[in-house]
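Me: I am new to reading protein models, and I would like a close look at a single part of this one. Please choose a helix, go through it slowly, and then place it within the rest of the chain.

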Amino acid sequence: MVSRRWGFLTNHAHTLIQIARNPRSTVREIALASGITERAAHAIMADLRDAGLVSSRREGRQNVNSIDLASLVSHRPWGASDMEIPDSLIHATLRGLAGVASPSALPQAEAAPNEAPASRQSPGANGTRRWGFLTTHALVLIHVTQQPHSTVRDIALAVGVTERAAHSVLQDLREGRILDCERYGRRNSYTVNFEHLASFRREGTAPDLVPDRFVASLVSALLPLQPPDYHPDEDEPHPLT
């Protein structure tokens, strides 16, 4: 049985990474790198341009794309739900993007990654479809990192999905050895296995697009989100031992 594809970054994020690496990418090249159709790539480029995150200029017969990091800092939400993403993760994403970028792709790269978030822009607020840069798997992982004793219902409500969908995502994360789960009394306790997370490379439809240093930047930003006073019951074995 072939398992379904999943990852932590959406095709919108994959498109940004491809543009950062090669500002002269055509729609066809973006589609091939991201593992999607040209029609889907064209729609994603339209989303990014409409949101003011990507701009294009014509040089001869080619379009040259650039990413506005200042707009990315204030762009909300980063997932397809209204779940708030910690600023540290957003800045880590921007640093990772700047780290893989061609100089011509990020004309505002010097100041943008450290700026404070401004207005909360919301894709879909005008009635159009919702989109973001982090998948439901990423949102669930972020939530349980911060709230390790959450129930499936808690997770579903926080992420904005059904309990059935939340359960399925948790199962994927456990099968991927990214999330360890132990039973303590009537509740589950989740622990992120950062070693396996750092080496995880099945990134949805684009397994070869996301550079190691980009992933490392995100993992380093996720680690401090764990509650400082969090520890399982001392009478029970720690999930990572």
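Reply: What follows looks at one helix in detail and then moves outward to its surroundings.

The model is a predicted one, and the helix chosen is H8, which takes in residues 163-175. Its length can be checked with simple reasoning: H8 has 13 residues, and at 1.5 Å a residue it should span 18 Å, so the 18 Å that separates its end C-alpha atoms agrees with the expectation.

Which residues of H8 are buried? They are Ala166, Val169, Leu170, Asp172 and Leu173, where a residue counts as buried if its relative accessible area is under 20%. Around the axis these residues cover an arc of only 155 degrees, which means that they lie on the same side of H8. The face turned away from this buried side carries Arg164 and Glu175, and these residues are exposed. As for what the buried residues of H8 pack against, the partners are two helices, H6 (136-146) and H7 (152-159), together with two strands, E3 (179-184) and E4 (187-192). Just after H8 comes Arg177, whose phi is positive, at about 65 degrees.

For comparison, it helps to turn to helix H5, residues 87-100, where 14 residues reach 20 Å from the first C-alpha to the last, close to the 20 Å expected at 1.5 Å a residue. The buried residues of H5 are Leu89, Ile90, His91, Ala92, Thr93, Leu94, Gly96, Leu97 and Val100, and their cover includes helix H1 (11-21), strand E2 (62-67), helix H4 (69-74), H6 and helix H10 (212-222). H6 thus appears beside the buried residues of H5 and also beside those of H8.

Leu97 of H5 deserves a little more attention, since contacts beyond its neighbours within four places in sequence join it to Leu16, Ile17, Ala20, Ile67, Leu69, Leu72, Leu106 and Phe214. Leu97 also belongs to the largest nonpolar core, a set of 67 residues in which Phe8, Ile67, Leu72, Leu97, Phe133 and Leu197 touch the most other members.

Phe214, one of the contacts of Leu97, is a buried residue of H10, as are Val215, Ser217, Leu218, Val219, Ala221 and Leu222. These buried residues of H10 pack against H1, H5, H6 and helix H9 (194-199).

Another buried position is Leu48, in helix H3 (residues 38-50), which has a relative accessible area of 0%. Leaving out residues up to four places away in sequence, Leu48 touches His12, Thr15, Leu16, Leu53, Val54, Trp131 and Phe133. Although Leu16 and Leu48 are 32 residues apart along the chain, their C-alpha atoms are separated by 8.7 Å.

Stepping back to the whole protein, its secondary structure comes to 10 helices and 4 strands, and 48% of its 241 residues count as buried. Among contacts between residues at least 6 apart in sequence, 69% join residues at least 24 apart.

Finally, a word on confidence: the mean pLDDT is 81, and 81% of the residues reach 70 or more. Over residues 108-113, however, the pLDDT is below 50, although this stretch has 12 contacts in the model beyond near neighbours in sequence. Residues 232-241 also have a pLDDT below 50, and that stretch has 15 such contacts. Where pLDDT is low, the predicted coordinates should not be read in detail.

Conventions. Residues are numbered from 1 along each chain as its sequence is written. This is a predicted model: local features need pLDDT of at least 70, side-chain atom pairs count only at pLDDT 80 or more; totals for chains, interfaces and linings use all residues. Side-chain values use heavy atoms; hydrogens and water are left out. A nonpolar core is a set of buried Ala, Val, Leu, Ile, Met, Phe, Trp, Tyr and Cys residues joined through side-chain atoms within 4.5 Å. Buried means under 20% relative accessible area, exposed over 50%, partly exposed in between (1.4 Å probe, protein chains only). Contact means heavy atoms within 4.5 Å. The expected span of a helix is 1.5 Å times one less than its number of residues. The arc is that of the directions from the helix axis to the C-beta atoms. pLDDT is the predictor's confidence in each residue, from 0 to 100.
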